[in-house]
Amino acid sequence: MKVLLVNGSPNQKGCTYTALSEVAKTLNQHGIETEIFQIGAKPIGGCLGCGTCIKTGKCFMEDTVNEFVEKAASADGFVFGSPVHYAAASGMLTSFLDRAFYGKSALYADKPGAAVVSCRRGGATATFDQINKYFTISNMPIVSSQYWNMVHGNTPEEVIQDEEGMQTMRTLGTNMAWLMQCIQAGKDAGIAKPTREKKISTNYIR
Ligand SMILES: Cc1cc2nc3c(=O)[nH]c(=O)nc-3n(C[C@H](O)[C@H](O)[C@H](O)COP(=O)(O)O)c2cc1C
């Protein structure tokens, strides 16, 4: 089983990476393979809603989103990490998630997801809520921890000093491994994935 952990910061080895690495280390200790996927430091455009990805399976924009979507198909779980930028996820991660999820819920359904946020001081819970919304519209079980999944610090060294935050990351890794093992045990025992009704899509008035 494999978890893809997405670093939504342009800082490849910054605070968000430090938090994600702690989750990854714990997952590895429980026998789960991990990959930290960097969205990178080049601009990521927002979704134009053009529907190209739905028709062709690929976004016409040339950045890390297509690469991620390909990997997502074979992943068994996801952790999306973001630095807090003005009490929200980074603009780049927001654009990334919009395009990685739009019209692609099937890639994520029934696979556990978790949000991780990193901030200097404030806006962490708003950012956490924002990221969790991608999971709750995609039939994904959400993995929680002993506290909301956040670390505090402006540098990786400061994040490491946030002992409660780092423990929260380890607990998240432990909980995620357990949930994934339970899902696998269910599969092995012949428990089928949920069958769902054909989706009704209304715009409230029609
Ligand atoms: C544009 C920008 C906006 C920020 N806004 C906030 C904020 O609202 N609250 C906060 O606590 N920290 C804020 N920060 C600080 C970062 O969230 C914090 O340093 C984070 O841990 C950096 O993570 P990284 O090293 O993975 O990029 C901001 C940083 C930047 C660059």
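Strand E5 (113–119) shows two sets of residues, with Gly-113, Ala-115, Val-117 and Cys-119 pointing one way and Ala-114, Val-116 and Ser-118 the other way, and all of them are buried, where buried means under 20% relative accessible area with a 1.4 Å probe and protein chains only. In a regular strand the side chains alternate between the two faces of the sheet. This is a predicted model, in which local features need pLDDT of at least 70 and side-chain atom pairs count only at pLDDT 80 or more, while totals for chains, interfaces and linings use all residues. Residues are numbered from 1 along each chain as its sequence is written, and side-chain values use heavy atoms, without hydrogens and water.

Strands here are DSSP runs of at least two residues, helices (H or I) runs of at least four, numbered from the N terminus, and two strands pair if DSSP finds at least two bridges between them. E5 pairs with E3 in the parallel sense over 6 bridges, with Phe-80 standing opposite Ala-115. E5 also runs parallel to strand E6 (residues 150–152), joined by 3 bridges, and there Ser-118 stands opposite Val-151.

Ser-118 leads on to the ligand, since Ser-118 is among the closest of the 17 residues that surround the ligand, a residue being near if one of its heavy atoms lies within 4 Å. An oxygen atom of the ligand is 2.5 Å from an N or O atom in the side chain of Asn-154, and another such distance, to a backbone N or O atom of Arg-121, is 2.6 Å. Among the elements giving two or more residues to this shell is helix H1 (15–29), while E3 gives the most, with 3 residues.

Note on methods: Polar contact = N/O pair within 3.5 Å; in protein donor to acceptor, adjacent residues only side chain to side chain. Buried < 20%, exposed > 50% of the residue type's maximum accessible area, 1.4 Å probe, protein only.
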